[in-house]
Every structure is written in C-alpha cells, then in structure tokens.
Amino acid sequence: LQHYFIQSNLSYMKICSWNVNGLRSIEDIQSHLKNFGADIVCFQETKIARHQLTSEIAKCNGYYSFFNYSQEKKGYSGVATYVKTKYCPFKVDLHVDGITNNEGTG
C-alpha cells in the first residue's frame, strides 16, 4: 500500500495505491476505504470481470467508483479507482488517450 500527499494552496489530498491481486479477495472494501482515510484509492490487479462486480464492491458510501477490466483475458489485470464524492470527476474516458482501443489486454 502506497500513500501520496499532494499539497496545493495549503490543502492536502491523500491518494492510496494498492496491488490487491484480486479485488474479490478483499473483505469489506467500505471499511478499508474508511480506514485509509484517502481522497482517492487506486487498486491494481483487480482480476474481476464486469459480471462479477457486486454492489458491495461498486457502491461505497462517500465514493464514486470506476473500473476497467481486461478486454481479452477474463480474470486478468484490471483496475478500480474510488474517488471521494467531494472530488467529482468532470470527465471519465475508457482509455487514457480518450480513444477506445480494441487491441491489447487493456
């Protein structure tokens, strides 16, 4: 688990990053988010497909959640990002460059 602090005009934002090696193996994600006390939490290697996403994982009080799944290999890679609702993103793209790409494991 890595913590990052960003300072801007004397306000701080806490960002946590965790390689979970399977998001479904984490019990009670809501408790983890609360204990981290982070504004943004990023999980890598979620190894979850869209149809495996439960409401307990997707809907956490006080956070917006965003997921990206492997397009070619089921149960492979994937990321999840939880953002406190006070930091509502104004735009979310499927890929970093904003272009949908059907190639690769993305």
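## Overall layout

Helices and strands here are DSSP runs, numbered from the N terminus, with at least four residues for a helix and at least two for a strand. With that in hand, welcome to this predicted model. Reading from the N terminus, the elements of the protein chain follow the order β-β-α-β-α-β-β. That comes to two helices and five strands.

The protein chain has 106 residues, and buried residues make up 30% of them. Its accessible surface is about 7300 Å², and carbon and sulfur atoms account for 50% of that area. Contacts also link distant parts of the sequence: among contacts with a separation of 6 or more, 55% join residues 24 or more positions apart.

## The nonpolar core

Let us step inside. The largest nonpolar core holds 18 residues. Those with the most contacts inside this core are Leu23, Ile29, Leu33, Val41, Phe43, Ile57 and Tyr82. Three elements each give two or more residues to the core: α1 (29–36), β3 (40–44) and β5 (79–84). Of these, α1 gives the most, with three residues.

Valine 41 is a good place to pause, as one of the residues with the most contacts inside the core. Setting aside neighbours within four places in sequence, valine 41 is in contact with Cys16, Leu33, Phe36, Ala80, Thr81 and Tyr82.

## A buried threonine in a loop

Next, look at the loop between β3 and α2 (55–58), where threonine 46 lies. Is this residue, threonine 46, buried or exposed? Threonine 46 counts as buried because its relative accessibility is 1%, and the cut-off for buried is under 20%.

Which residues does threonine 46 touch, not counting those up to four places away in sequence? They are Val20, Gly22, Leu23, Ser77, Gly78, Val79 and Ala80. Leu23 also appears among the core residues with the most contacts, and Ala80 is a contact of valine 41 as well.

## Cysteines without a disulfide

A disulfide is a covalent bond between the sulfur atoms of two cysteines. How many disulfides does a search of the whole structure find? The search finds zero. For cysteine 16, the closest cysteine sulfur is in cysteine 42, and the 8.7 Å between the two sulfurs is too far for a bond. The pair would have to be within 2.5 Å to count as a disulfide.

Cysteine 16 is buried, with a relative accessible area of 0%. Cysteine 60 is buried too, with a relative accessible area of 4%. Cysteine 16 has already appeared in this tour, as one of the contacts of valine 41.

Conventions: Residues numbered from 1 in each chain as written. Predicted model: local features only at pLDDT ≥ 70, side-chain atom pairs only at ≥ 80, totals over all residues. Heavy atoms only, no water. Buried < 20%, exposed > 50% of the residue type's maximum accessible area, 1.4 Å probe, protein only. Core = buried A, V, L, I, M, F, W, Y, C linked by side-chain atoms within 4.5 Å. Contact = heavy atoms within 4.5 Å. Areas by Shrake-Rupley, 256 points an atom, 1.4 Å probe, with all protein chains shown as cover.
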